[in-house]
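Student: Please take a close look at the salt bridges in this structure. Then place them against the rest of the fold, and go through the packing and the surface as well.

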Amino acid sequence: MSIGYVAYLLLALVVFIFLSAAIRILREYQRGVVFTLGRFTGVKGPGLIILVPFVQQMVKVDLRVVVQDVPPQDVISRDNVSVKVNAVLYFRIVDAERAVIQVEDFMAATNQLAQTTLRSVLGKHELDEMLAERDKLNSDIQEILDQRTDAWGIKVSNVEIKHVDLNENMIRAIAKQAEAERLRRAKVINAEGEQQAAAKLVEAGRMLAAEPQAMQLRYFEALHDIAGERSSTVVFPLPVDLLGQFLKGQGK
């Protein structure tokens with residue numbers, strides 16, 4: 001009886017080992033790349049997967065979006081400014097077969113490709129473009145990465161530049177440039193205001209010349225303003241034409 005009991009126990013143990021090696025359960029976001037005697041035989045999942053032990057092997061692949069940090073890269077811009085730039089990469093696997101077969105480690109390969117692409121793309125632009133046109137640069141990097149990783153079954157959905165670090169000397173130079181630009185705008189606005197004021201004065205002079213009574217009204221209004229301020233100053237208008245005739249008489 002003891003020998004039979006041991007035999008049944010061994011048989012149960014073998015069955016348990018066989019089932020544990022044959023049964024796999026994959027979640028909704030997982031897929032299994034199955035190899036039979038080393039040859040690719042299909043992609044299975046999600047749910048219950050039955051494998052032939054010691055004959056079939058399965059590699060799990062996660063289809064969720066992967067967020068990967070691209071470490072800071074030393075970039076020299078087109079206008080010869082040295083900066084450090086880091087970014088965030090968002091991608092996911094769309095073809096589990098190619099992600100396992102075509103590349104050894106798709107995570108490391110994608111990260112290294114993102115680093116080299118970040119340096120090459122930003123090196124073609126000036127510093128002002130890096131600071132002001134990040135959306136365009138993100139789109140360019142994402143498009144290049146998406147094209148190159150398509151052979152690996154990977155879809156790059158987004159790339160975001162996080163920081164563009166400058167040294168202190170360059171920060172001071174940018175501050176001086178911004179200050180000079182604001183002073184230039186202030187001078188331009190002041191000049192435009194003077195030009196508009198002169199145009200309005202010319203227009204007002206033409207209107208007053210067309211209606212001499214208007215000049216008298218302006219004179220009375222000026223006297224009213226002076227009287228309202230309780231000032232002892234009295235203004236008497238003297239036509240310029242009269243002064244011209246007087247000076248001519250003195251010359252004769």
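Tutor: A salt bridge here is a side-chain nitrogen of Lys or Arg within 4 Å of a carboxyl oxygen of Asp or Glu. By this rule the chain of this predicted model has nine salt bridges.

Start with R64 and D62, whose side chains meet in a salt bridge at 2.8 Å, N to O. Neither partner is buried: R64 is partly exposed because its relative accessible area is 43%, and D62 counts as partly exposed because its relative accessibility is 29%.

A second pair joins R78 to E126, with the closest N and O atoms 3.6 Å apart. R78 lies in the loop between strand 6 and strand 7 and E126 in the loop between helix 3 and helix 4, so this salt bridge ties together parts that are 48 residues apart in sequence. E126 has a relative accessible area of 30%, so E126 is partly exposed.

The pair of K136 and D140 is of a local kind, since both residues lie in helix 5, four residues apart, about one turn of the helix. Their closest N and O atoms are 3.3 Å apart. K136 is partly exposed because its relative accessible area is 44%; D140, with a relative accessible area of 23%, is partly exposed too. Elsewhere, E181, R184 and R185 are joined into one network by salt bridges that share partners.

These pairs sit in a chain of eight helices and eight strands. Of its 252 residues, 24% count as buried. Among contacts with a separation of 6 or more, 61% are between residues 24 or more positions apart.

Now the interior. In soluble globular proteins, nonpolar side chains tend to be buried together. The largest nonpolar core here holds 33 residues, of which V83, V85, L89, L122 and L145 touch the most other members. Two or more residues of this core come from each of strand 2 (30-36), strand 6 (66-76), strand 7 (82-93), helix 2 (96-101), helix 3 (106-122), helix 4 (127-132), helix 5 (134-149) and strand 8 (154-165). Helix 3 gives the most to this core, seven residues. Helix 5, which holds the salt-bridged K136 and D140, is thus also among the elements supplying this core.

L145 shows the packing in detail: beyond its neighbours within four places in sequence, L145 is in contact with L89, L113, A114, T117, V156 and V159. Apart from this core lies another, of five residues, among them L26, I49, L51 and M58.

Aromatic pairing amounts to one pair. F35 and F40 form this pair, edge-to-face, with 6.3 Å centre to centre and 70° between the planes. F35 counts as buried because its relative accessibility is 17%, whereas F40, at a relative accessible area of 30%, is partly exposed.

The surface comes last. The accessible surface of the chain is about 18200 Å², and 59% of this area belongs to carbon and sulfur atoms. Y8, L11, V15, F18, L19, I23, I25, L48 and I50 form a nonpolar patch on this surface, with about 930 Å² of accessible area together. At least two residues of the patch come from each of helix 1 (2-22), strand 1 (23-26) and strand 4 (47-50). Helix 1 supplies the largest share, five residues.

Two patch members can be followed individually. I25 is in strand 1 and counts as exposed because its relative accessibility is 61%. I23 also lies in strand 1, but I23 counts as partly exposed because its relative accessibility is 35%. Leaving aside neighbours within four places in sequence, I23 is in contact with L48, I49 and I50. Of these contacts, L48 and I50 are themselves in the nonpolar patch, while I49 belongs to the five-residue core. L51, another member of that core, has its C-alpha atom 6.3 Å from that of I23, although the two residues are 28 apart along the chain.

Key. Residues numbered from 1 in each chain as written. Predicted model: local features only at pLDDT ≥ 70, side-chain atom pairs only at ≥ 80, totals over all residues. Heavy atoms only, no water. Patch = residues over 30% accessible without salt bridge, like charges linked within 9 Å, V, L, I, M, F, W, Y side chains within 5 Å. Areas by Shrake-Rupley, 256 points an atom, 1.4 Å probe, with all protein chains shown as cover. Buried < 20%, exposed > 50% of the residue type's maximum accessible area, 1.4 Å probe, protein only. Core = buried A, V, L, I, M, F, W, Y, C linked by side-chain atoms within 4.5 Å. Contact = heavy atoms within 4.5 Å. Phe/Tyr/Trp six-rings, centres within 6.5 Å; stacked < 30°, edge-to-face > 60°.
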